[in-house]
Amino acid sequence: MPLYRDDAIVLRTQKLGEADRIVTFLTREHGKVRAVGRGVRRTSSRFGARLEPFMAVDVQLHTGRNLDTVTQVETVGPYAGAICADYGLYTAGAAEHEPAVQQYWLLAGGVRALAERAHSPGLVLDSYLLRALAVAGWAPSFTDCARCAEPGPHRNFSVAQGGAVCGRCRPPGSTSPAPETFELLAALLVGDWEVADGSEARHRREASGLVAAYSQYYLERTLRSLRMIEREA
């Protein structure tokens, strides 16, 4: 069975047997990969500490029938300690074998920003979710009408329509976020951190609610971990 090597971010781990661990990676070239780390829970393990959530690693894997096997790991970015030591950072950070290069670099940048405390964890998370959805083909519009493309800004927001909507396209159930919330969302989507960092807490809370609703609608699943995120008062 072949060996392959890739850059990866450790997404999650779970115990397997007495000493092993199943590790889920997002790799640069192979997408999402699940692999077994043999003996990594033993104190004598050579690379057990490198296989913790949020670690950026250079990993070598042995292809298996159901699960691959980790054969070698080198640390690229030791972000786990900095993130796991801070609950707010940890909760913000908390298709297999298909290339996901853009998603990999996006996640790597988000994890690095959390570890370096470059911005508020909530802002980093919301920016990551919006940009990940955009990469996947579900880019929201926060200025022009998402339905008819009429130039904005507009005052209404519809998750189902894809973002901002004009008065004519506004469906029942649309919300009316503050103009500053629209500005914040647009900044998070493009990575305008000067605008995002200067936003007020009330607009951050409103934006986070819209990001959560938008993400869950287009992913077609409930993001249960969002309930654990520490938000600013």
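**View 1. Strand 1 and strand 2 pair antiparallel through eight bridges.** The model shown here and in the views below is predicted. One opposed pair in this ladder is A8 and T27, the latter in strand 2. Three residues separate the strands, which form a hairpin. Within that hairpin, G17 has a positive phi near 65°. Q14 belongs to strand 1, which covers residues 3–16. Setting aside residues up to four places away in sequence, Q14 touches R21, I22 and R34. Q14 is partly exposed, at 33% relative accessible area. V36 sits 22 residues from Q14 in sequence, with the two C-alpha atoms 9.7 Å apart.

**View 2. Strand 2 also pairs with strand 3, again in the antiparallel sense.** Seven bridges join strand 2 to strand 3, residues 31–37. Here T27 stands opposite G31 of strand 3. These two strands form a hairpin too, with three residues between them. Strand 2 is mostly covered, with eight of its eight residues buried. D20, I22, T24 and L26 point one way from the strand. R21, V23, F25 and T27 point the other way, and these are buried as well.

**View 3. T24 is a buried residue of strand 2.** Strand 2 spans residues 20–27. T24 has a relative accessible area of 4%. Because the cut-off for buried is under 20%, T24 falls in that class. Beyond its neighbours within four places in sequence, T24 contacts I9, V10, L11 and R12. Its other contacts of this kind are K32, V33 and R34.

**View 4. The largest nonpolar core holds 24 residues.** L130, F142, F157, L185 and L188 have the most contacts inside this core. Helix 3 (101–115), helix 4 (121–135), helix 5 (179–190), helix 6 (193–197) and helix 7 (201–219) each give two or more residues to the core. Helix 4 supplies the largest share, six residues. Another core, of 16 residues, lies apart from this one. V40, F47, V59 and V73 are among its members. In soluble globular proteins, nonpolar side chains tend to be buried together.

**View 5. F142 is in contact with L130, F157 and L185, among others.** Further contacts are A164, F182, A186 and L189. Neighbours within four places in sequence are left aside here.

**View 6. Helix 4 has 15 residues.** From first C-alpha to last, helix 4 reaches 21 Å, close to the 21 Å expected at 1.5 Å a residue. Its buried residues are G122, L123, V124, L125, D126, S127, L129, L130, A132 and L133. G137 follows the helix and has a positive phi, near 100°.

**View 7. Helix 7 packs its buried residues against helices and strands.** The partners are helix 4, strand 6 (156–158), strand 7 (163–165), helix 5 and helix 6. Buried in helix 7 are H203, R204, A207, S208, L210, V211, A212, Y214, S215 and Y218. An α-helix has 3.6 residues a turn, so residues three or four places apart point the same way. Helix 7 has 19 residues and reaches 26 Å between its first and last C-alpha, close to the 27 Å expected. A213 is also in helix 7. Unlike the buried residues, A213 is partly exposed, with a relative accessible area of 33%. A213 and V159 are 54 residues apart in sequence, yet their C-alpha atoms are 7.1 Å apart.

**View 8. Cysteines come close here, but the disulfide count is zero.** The sulfur of C148 has its closest cysteine sulfur in C145, 3.7 Å away. The cut-off is 2.5 Å, so this pair is too far apart for a bond. C148 is partly exposed, at 36% relative accessibility. C166 is in no disulfide either; its nearest cysteine sulfur, that of C169, is 3.6 Å away. C166 is buried, at 2% relative accessibility.

**View 9. The whole protein has seven helices and seven strands.** Along the sequence, the pattern is β-β-β-β-β-α-α-α-α-β-β-α-α-α. Of the 233 residues, 47% are buried. The protein exposes about 12100 Å², of which carbon and sulfur atoms supply 48%.

Conventions:
Residues are numbered from 1 along each chain as its sequence is written. This is a predicted model: local features need pLDDT of at least 70, side-chain atom pairs count only at pLDDT 80 or more; totals for chains, interfaces and linings use all residues. Side-chain values use heavy atoms; hydrogens and water are left out. A nonpolar core is a set of buried Ala, Val, Leu, Ile, Met, Phe, Trp, Tyr and Cys residues joined through side-chain atoms within 4.5 Å. Buried means under 20% relative accessible area, exposed over 50%, partly exposed in between (1.4 Å probe, protein chains only). Helices (H or I, at least four residues) and strands (E, at least two) are DSSP runs, numbered from the N terminus. Contact means heavy atoms within 4.5 Å. The expected span of a helix is 1.5 Å times one less than its number of residues. Accessible areas come from the Shrake-Rupley method with a 1.4 Å probe; for residues, only the protein chains shown count as cover. Two strands pair if DSSP finds at least two bridges between them.
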